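Q: Please take a close look at the interior space of this predicted model. Start with the enclosed cavity, then set the open pocket and its neighbours beside it.

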Amino acid sequence: DYEMAVRAMRAWRMIDSVEWLSAHSSKDARAKDSESLAIVARTAAGYVVGPWRLSYAQEGAMPEKKGRSAGLRSVVGLSTLSGNCFEGEVRFSVEWLQEEDDRDSEGAVWFEAFSVVRRARGASFVAAPLFHKLHQQGMEGMVAKMEELVQTEKDMLALRRLRQSETDVNSRGAKAEIAAKALQKQKDLEEFKAKEWHRNNSGYGGGHGGFKPETMSRMRKMQHD
């Protein structure tokens with residue numbers, strides 16, 4: 001679940017999962033970990049586009065502490081760009097935690113969406129309350145949808161494995177059929193025996209329909225000519 005949640009987060013799927021939000025990513029091939037993101041919100045008044053940039057991406061083990069035996073954490077941070085109605089930062093994180101007294105379990109996965117934003121300079125005072133409300137609803141929607149995203153990913157993975165298993169079974173069946181045909185052909189060749197030469201009542205080989213030797217000789221000569 002942890003790896004699936006991290007992949008969903010890095011693909012910004014939690015944003016797309018909110019019905020009225022969509023994420024459009026643009027990466028700079030010249031710079032490592034350089035990525036810009038346009039988050040588009042569909043509102044009753046029209047579309048609102050908020051430009052962001054990936055400011056950091058970190059992943060690693062969490063230090064052990066009392067009550068926790070192991071943990072992993074993946075974090076990405078977004079900072080606002082010029083043209084955004086906000087100024088500030090948004091942070092998304094996925095954590096896998098295993099309790100010290102429950103080492104036999106798979107642990108628990110947590111997703112967090114945290115933001116520190118304010119109205120950008122030059123942004124409308126009148127629209128600011130609406131934008132803040134939309135921002136809060138969007139963050140809450142992302143958190144609510146992450147569990148559904150992970151479950152959908154698990155179901156798709158299980159379906160892919162099932163189809164692959166069926167393909168492997170069909171492939172093995174086809175190979176077994178080919179091998180069986182080849183074995184039968186080899187068996188038929190081993191059991192095949194040349195027809196024996198039976199003499200007829202006239203003393204000449206019945207295999208050639210009782211032709212006399214001189215007749216057979218003339219036939220061979222015609223064939224050679």
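A: The largest cavity has a volume of about 290 Å³. The count of cavities of 30 Å³ or more comes to one. This is a predicted model, and totals for linings use all residues.

Lining the largest cavity are 21 residues. Leu 21, Ile 39, Ala 41, Phe 86 and His 135 are the closest to its centre. Four elements each supply at least two residues of this lining: strand E2 (35–43), strand E3 (46–61), E5 and H3. H3 gives the most, with six residues. By class, the cavity lining holds 17 nonpolar residues and four polar ones. Charged residues are absent from the cavity lining.

Now the open space. About 260 Å³ lies in the largest pocket. Its lining consists of Asp 1, Ala 5, Val 109, Trp 110, Phe 111, Val 143, Met 146, Glu 147, Val 150, Gln 151 and Lys 154. Two elements give two or more residues to this lining: strand E6 (108–119) and helix H3 (128–191). H3 again takes the largest share, six residues. The pocket lining divides into seven nonpolar residues, one polar and three charged. Contrast the cavity, with no charged residues in its lining.

One pocket residue leads into the aromatic contacts. Phe 111 lines the largest pocket. A search of the whole structure finds one aromatic pair. The rings of Phe 92 and Phe 111 have their centres 6.2 Å apart and their planes at 10°, so the pair is stacked. Phe 92 lies in strand E5 (residues 86–99) and Phe 111 in strand E6, so the pair ties together parts that are 19 residues apart in sequence. Both Phe 92 and Phe 111 are buried. E5 also supplies at least two residues of the cavity lining, and E6 gives two or more to the pocket lining.

A second ring has a charge over it. Arg 119 lies over the face of Phe 125, at 3.7 Å from the ring centre. E6 spans 108–119, and H3 spans 128–191.

Turn to the N-terminal side of the pocket. Asp 1 and Ala 5 are among its lining residues. Ala 5 sits in helix H1 (residues 2–10), and is buried there. The other buried residues named in H1 are Tyr 2, Met 4, Val 6, Ala 8 and Met 9. After H1 comes Trp 12, whose phi is positive, near 60°.

A polar detail lies in the strands. Ser 79 is found in strand E4 (residues 68–80). Ser 79 is buried, with a relative accessible area of 12%. Its side chain and that of Ser 55 are joined by a polar contact of 3.3 Å. E3 covers 46–61, and E3 is one of the elements that supply the cavity lining.

Finally, the whole chain. There are four helices and six strands. Read along the sequence, the pattern is α-α-β-β-β-β-β-β-α-α. Of the 225 residues, 27% count as buried. Within this fold, H3 supplies six residues to the cavity lining and six to the pocket lining.

Terms used. Residues numbered from 1 in each chain as written. Predicted model: local features only at pLDDT ≥ 70, side-chain atom pairs only at ≥ 80, totals over all residues. Heavy atoms only, no water. 1 Å grid on protein atoms, 1.4 Å probe; cavity = no way out; pocket = protein on both sides within 12 Å on 5 of 7 lines; lining within 4 Å. Points joined across faces, edges and corners; volume = space filled by probe spheres on them. Nonpolar A, V, L, I, M, F, W, Y, C, P; charged D, E, K, R; others polar. Phe/Tyr/Trp six-rings, centres within 6.5 Å; stacked < 30°, edge-to-face > 60°. Buried < 20%, exposed > 50% of the residue type's maximum accessible area, 1.4 Å probe, protein only. Lys NZ or Arg CZ within 6 Å of the ring centre and 35° of its normal. Polar contact = N/O pair within 3.5 Å; in protein donor to acceptor, adjacent residues only side chain to side chain.
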